[in-house]
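Take a walk through this fold, one sheet and one residue at a time. Keep the model open as you read.

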Amino acid sequence: MLHYRTIPVTAFRQNCSLLWDDASMEGVLIDPGGEVDRLLAEAARLGVALRQIWLTHAHIDHAGGVAELVARAGLPVIGPHPDDQFLIDGLAMQAAAFGFPPAGAFVPERWLHDGDTVALGEHRFAVRHCPGHTPGHVVFHNAEMNRAFVGDVLFAGSVGRTDFPRGDPQALIDSIVGRLWPMGEQTVFVPGHGPESSFGQERRSNPFVRGT
């Protein structure tokens with residue numbers, strides 16, 4: 001069975017997810033934006049052996065801890081989509097601009113594309129490319145646990161910003177409608193910030209996508 005724990009990190013309170021399989025106690029970190037000591041300590045406390053880093057996108061609050069984790073724990077980086085390469089290259093500048101600790105670039109072991117899958121043990125996650133917030137944003141969906149890890153595409157009551165470099169408001173709405181909604185209204189999503197919600201709840205009440 002899969003389990004996860006949401007760990008808000010950095011001054012931006014970004015939801016890093018520690019996800020693990022209780023059969024093997026192997027796990028991944030989704031979007032480790034910072035506070036690496038805290039993330040490693042929580043994995044150790046739970047007895048989780050970290051195996052990979054999965055990235056939805058490469059903004060500093062989601063990817064700022066990646067290079068340190070690679071250096072300290074030797075974890076391979078999976079994702080995001082290659083269209084976020086420019087953000088990875090600019091992580092040091094992002095850190096300086098937003099007052100984050102220094103952050104280095106890294107090289108993903110594997111870029112992700114729409115329709116790919118990633119695996120944790122025997123459990124498979126579908127990958128959907130959801131541009132708009134960033135051009136290379138991806139989402140991870142596991143039907144077995146009825147969860148989608150959506151980064152900054154969609155929030156409870158809001159949607160991702162599109163005023164950053166290469167943001168695209170129409171692409172964001174198209175991603176939500178065309179790639180998130182087909183996962184099902186009962187699907188619970190873990191956003192990059194704030195509380196969880198379901199796709200059905202957002203279709204009914206979120207003013208940015210209500211009725212889509």
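**Strand by strand**

Start with strand 7 (residues 123-129) and strand 8 (residues 138-142). The two run antiparallel and are joined by 4 bridges. One pair to find in the model is Val127, which stands opposite Phe140 in strand 8. The model is a predicted one, and every value here is computed from it.

Now widen the view. Strands 7 and 8 belong to an open sheet of 6 strands, in the order 6-7-8-9-12-13. Pairing in this sheet is mixed. Which strands stand at the edges? They are strand 6 (117-120) and strand 13 (197-198). Each has a single partner strand, so one side of each is left without a neighbour in the sheet.

Step along the sheet order to strand 9 (residues 147-151), where Ala148 is found. Is Ala148 buried or exposed? Its relative accessible area is 0%, and Ala148 is buried. Buried here means under 20% relative accessible area. Several residues surround Ala148. Leaving aside neighbours within four places in sequence, Ala148 is in contact with Val139, Phe140, His141, Met183, Thr187, Val188, Phe189, Val190 and Phe199. Phe140, on this list, is the residue that faces Val127 across the pairing of strands 7 and 8. Thr187, also on the list, is 39 residues from Ala148 in sequence. In space, the C-alpha atoms of Ala148 and Thr187 are 7.0 Å apart.

Next comes strand 3 (residues 26-30). This strand is mostly covered, with 4 of its 5 residues buried. Strand 3 pairs with strand 2 (residues 14-21) in the antiparallel sense, over 5 bridges. Strand 3 is also joined to strand 4 (residues 49-54), again by 5 bridges, but here the strands run parallel. Gly27 is a good residue on which to follow both pairings. Towards strand 2, Gly27 is the bridge partner of Trp20. Towards strand 4, Gly27 stands opposite Leu50. The hairpin of strand 2 and strand 3 has 4 residues between the strands. In this hairpin, Met25 takes a positive phi near 60°.

Turn now to a loop. His81 lies between strand 5 (77-78) and helix 4 (85-89). How accessible is this loop residue? His81 has 10% relative accessibility, so it counts as buried. Which residues is His81 in contact with, leaving aside neighbours within four places in sequence? They are Trp111, Leu112, His113, His129, Gly136 and Val138. Two of these tie the loop back to the opening pair of strands: His129 is in contact with His81 and falls within strand 7 (residues 123-129). Val138 is in contact with His81 as well, and falls within strand 8 (residues 138-142).

Finally, step back to the whole protein. Its secondary structure comes to 7 helices and 13 strands. The radius of gyration is 16 Å, close to the 17 Å that the globule rule gives for 212 residues, so the protein is as compact as a globular protein of that length. Its C-alpha atoms fill a box of roughly 45 × 40 × 30 Å along the principal axes. Of the 212 residues, 53% count as buried. Among contacts between residues at least 6 apart in sequence, 60% join residues at least 24 apart. The accessible surface comes to about 8,700 Å², and 53% of this belongs to carbon and sulfur atoms. As for charge, there are 16 positive and 24 negative side chains. The centres of the two sets lie 4 Å apart.

Key: Residues are numbered from 1 along each chain as its sequence is written. This is a predicted model: local features need pLDDT of at least 70, side-chain atom pairs count only at pLDDT 80 or more; totals for chains, interfaces and linings use all residues. Side-chain values use heavy atoms; hydrogens and water are left out. The radius of gyration is taken over C-alpha atoms; the globule rule is 2.2 Å times the number of residues to the power 0.38. Buried means under 20% relative accessible area, exposed over 50%, partly exposed in between (1.4 Å probe, protein chains only). Contact means heavy atoms within 4.5 Å. Accessible areas come from the Shrake-Rupley method with a 1.4 Å probe; for residues, only the protein chains shown count as cover. Lys and Arg count as positive and Asp and Glu as negative; His and the chain ends are not counted. The place of a charge is taken as NZ of Lys, CZ of Arg, CG of Asp or CD of Glu. Two strands pair if DSSP finds at least two bridges between them.
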